[in-house]
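Please open the structure in your viewer and keep the selection panel at hand. The stops below come in order.

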Amino acid sequence: MTRLKIYLISGLFIGLGLLILYPGRQLARQHVNERTAVTDHPLLCTSCHVPISKNKLITKMINADYYSPFNLAVDQKEKWLYVVAQDTDELLVVDLETKVVVTKIKVGKHPHTVILDQEGERAYVSNEWSDEVSVIDLALLEVVDTIPTGNGPAGILLDQNEAYLYVVNAYGSDISVIDLDGYKEVRRLTAGNNPTGISISPEGKEILVTGRRANIAAYNETLITELTLIDTQTQRALKKNVESAYLMENAAYTPEGDLAIVTLIRPKNQIPSVQVEGGWMMTHGIGVLERESGSIIQFLLDEPNAYYPDPFDIEITPDGKKAFVSSSGVNMVSVIAIDSIRTMLQQTNPKVRRSYANNLDLSRRFVLKRIRTGENPKGMTLSSDGRKLYVAEQLGDKISVIDTETLENMASIDLGGPVRISVARQGRRLFNNASHTFQKQYSCYTCHPDNHEDGLIYNMAGKQMGRNMTNTQSLHEIGDTAPFKWNGKNQTVYKQDGMRFSTVLTRTEQFSYDDLDAISAYIMRGIKQPPNLMYNPTGELTASQQRGKLLYERTEDNLGNPIPENNRCVTCHPAPFYTDLKLADVSTLADTDDPILFDTPHLTNVYASAPYLHDGRAKTLEEIWTLYGTDDKHGYVNDMSKSDLNDLVNYLKSLRSPEYDKEVIDVQQGSIIYSN
C-alpha cells in the first residue's frame, strides 16, 4: 500500500510537472521564435539574456579587459615598440628582445596614434575622446604634459624640423598646428570630412591628410571625398577631390617623393543592394597621387572572386620598392610592387587610366603576395632599416612581425591580453570581418566605421533603381532602442542580423546561432557612444541651448496656442535616448518611397550623423524643417523665428549619451566565455 502511494504521488508530481513544463516550453519556443525570426534557435535563456544584461555584477563577472592595439611606433634602434592600447587607454611599451610588455602608461581617453621624435626622447599620443595629445618622456616613461587640440584628435605628425606638431581632428574635420615651443595651437586648418590619416613628403614641404566621409550629396550625384594638402612653409591648406571613393584611412609618400598613396573604398551605394550576389558591390583599393601632375589614379586590391575589404594602413619600404596595405576585413596584408604601379601610370590614355579603378583583374599585375595575419590588422610600422613590418592585430591583442624581404611571418608578440574570448569579443570580431558576406565583399564595419555610419544613402529594398533609398543609421548605443530599420520591421537585433540580414545584405549563409548571439551581444552592449565634447563637454548647457531646450519641451506655440501632444518634439523624442520607440508619420515620404511609417530614431550625438531623414534628403538639421518640414507635421516650428530655430538646433546638437550624465560611467560590455 505504501509503495502504491509513493507511485501515485510520484505520478501526480510528474504529471503536474509535464502540464507545467509543456506549455512553458511552448511559451519559450514562441518567445525565441519571435525574437529571432527562426524556429530552431536553441532554447537556452543564458545565450541571450546573460550577454545583454545591464546588471553591474553580471557584466563585471562576464567581462574581459582587452587591450585592442590600434597603432604603434618603433624606435630607431629597434629596441622598444610602443603600442596604443585603445580599450584600456594606455600606451604599452614592449621590449623587442624579450617580446614582453614591460610598462603600461596611462594616457587619455580612446587613444588613436603614437609617434616618436627623432631622438627617441619624446612620444606623442593622440586621445580621440578627450581632445588632447599626451606628451610622454621616454626616459621617465610617464606623461609629462598634455596639449589641448580640436575635437577628436586622430593622426599626428611632426614636421621635418620638429618645430610643429600637426594634429588631425577627426570629429572637427580640421587640423591643429601646435608650436612645440610652449605647446600652443597657432593655427587651425580646415580639412575634408572626418579626416584621420596624415603623412609628410620626403623633402618635408608637403603634408597630406586623408578624409573618410564623403561630401553630402543627393542620390545620383558623384561621390566626392576630399584630401587635404598642406604647404609646410606657409601652413596653408588646399583640398583635392577624389571621385567615387571614400573611407580613405591612411596615406604614405614614396621615398622618391613623386607619388603619395592612400587607402580607399569604392562603394556602389546607388545600385540595388541585391547586386552583392553578382559581386562588385563594394571594391577596395588605393589611390595614387602623382604629385607633378596632380592626378589621382585608383587601383583595386580585389580580385574577380576575392575581395580585400577595409584597407586601413599603408607603409612603404625605404627603398621604395614595396608597399604594404593592411586589409582589416579579411586579416590580410597585401604586398604591392610600386614599380609595377609606375609602369601602369605611364599609360597616357585618360580613358585607360580611369578604367583601372574598376578592373578586378588588374591586381595580379602589381600584388606580389597576400600575407595572412591575426584578427583585424590595423596600424603598421616599419623598422628603420625597412626589414621588419610590425602589424597591430586589434582583436587578437597581438603584434605580427613580417619579414619584408621573404614576405613571411617571422614572429608574433603576445601583449598579454585575456586568453578567453568573450561572447562580445567574438561578436566584435564578426562585426569587423567580411567572411560572412558573399565573396567577402564587405564587413559590418565597412558601412558602420567606428560602429557609427558612413554617411551614404543606399538603394536597399528590391531591384528597382532609385526606390526606397535608405540613410545608414548609427549603431552607437542602440541596444535599448528597438525596433530597428527605418520601417521598424525588425523588432530585435537578432532579427536584424539573422536570416533577414543574410537574405538582404550578405547573400550567403546566415550566422550560426552562437555567432548570432555573439554579434547581437556586441551590438547591443559592446558599442560605446563617444562623448559629445564639441557641443556638450560638461553637461552645462549654453544660453542658446537652454532656450532651445525650452522650445524642445514646449506645450504651447509663441502665440499661446496649445501644440497637439503628438506634434511636440519631446513627445516622440523623450530622454534618455530621445526616442519613444514607436512608428510615426512625419510627412517625409518621397515619391520614390513605398507607403510606410517610420521608426523614431534616437538623437544622442545627432550632430555627428548628417545627412538626416530616412533617405538622407536633409543635409543639415536645419533643413529638416526649413525645406522638408514646412507643413508642421514633423514638430510644430513655423511660428519660430530664425533665432528660435538656431536655438533648437543648438540644443539638439548638445544631446549626448545618458552614460555621461551619471556620476559613475559604467559602460556595458556584455560578454561571456565563447567556445571556439
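The tour visits a sheet, then aromatic rings, then charges over rings.

This is a predicted model, in which local features need pLDDT of at least 70 and side-chain atom pairs count only at pLDDT 80 or more, while totals for chains, interfaces and linings use all residues. Residues are numbered from 1 along each chain as its sequence is written, and side-chain values use heavy atoms, with hydrogens and water left out.

**Stop 1: a sheet**

Select residues 195–200, which are β13, and 236–243, which are β16. Strands, like helices, are DSSP runs numbered from the N terminus (strands: E, at least two residues; helices: H or I, at least four). β13 and β16 are the edge strands of an open sheet, each pairing on one side only. The sheet has four strands in the order β13-β14-β15-β16, and the pairing is antiparallel. Two strands pair if DSSP finds at least two bridges between them. On average, neighbouring strands here are turned by 25 degrees against each other, direction ignored; the axes behind such angles are lines fitted to C-alpha atoms, for helices over the stretch in contact, and angles run from 0 to 180 degrees between N-to-C directions.

Add residues 206–211, strand β14, which pairs with β13 over four bridges in the antiparallel sense. Which residue in β14 is the bridge partner of S199? That partner is L208.

**Stop 2: aromatic pairs**

The whole structure holds seven aromatic pairs. Rings of Phe, Tyr and Trp (its six-membered ring) pair if their centres lie within 6.5 Å; planes under 30 degrees apart count as stacked, over 60 as edge-to-face and the rest as tilted.

Select F70 and F312, an edge-to-face pair with 5.3 Å centre to centre and 70 degrees between the planes. F70 lies in strand β1 (residues 69–74) and F312 in strand β21 (residues 311–316), 242 residues apart. Buried means under 20% relative accessible area, exposed over 50%, and partly exposed in between (1.4 Å probe, protein chains only). F70 counts as buried because its relative accessibility is 9%, and F312 is buried at 3%.

Next, select F299 and Y356, a stacked pair with 5.2 Å centre to centre and 25 degrees between the planes. F299 is in strand β20 (residues 296–300) and Y356 in the loop between α5 (350–355) and β24 (367–372), so the pair ties together parts 57 residues apart in sequence. Both F299 and Y356 are buried. Add F366: F299, Y356 and F366 form one aromatic cluster.

**Stop 3: charges over rings**

Select R370 and Y308. The charged end of R370 sits over the ring of Y308, 3.6 Å from its centre. A charge sits over a ring if NZ of Lys or CZ of Arg is within 6 Å of the ring centre and within 35 degrees of the ring normal. Finish with R617, whose charged end sits over the ring of Y628, 5.2 Å from the ring centre.
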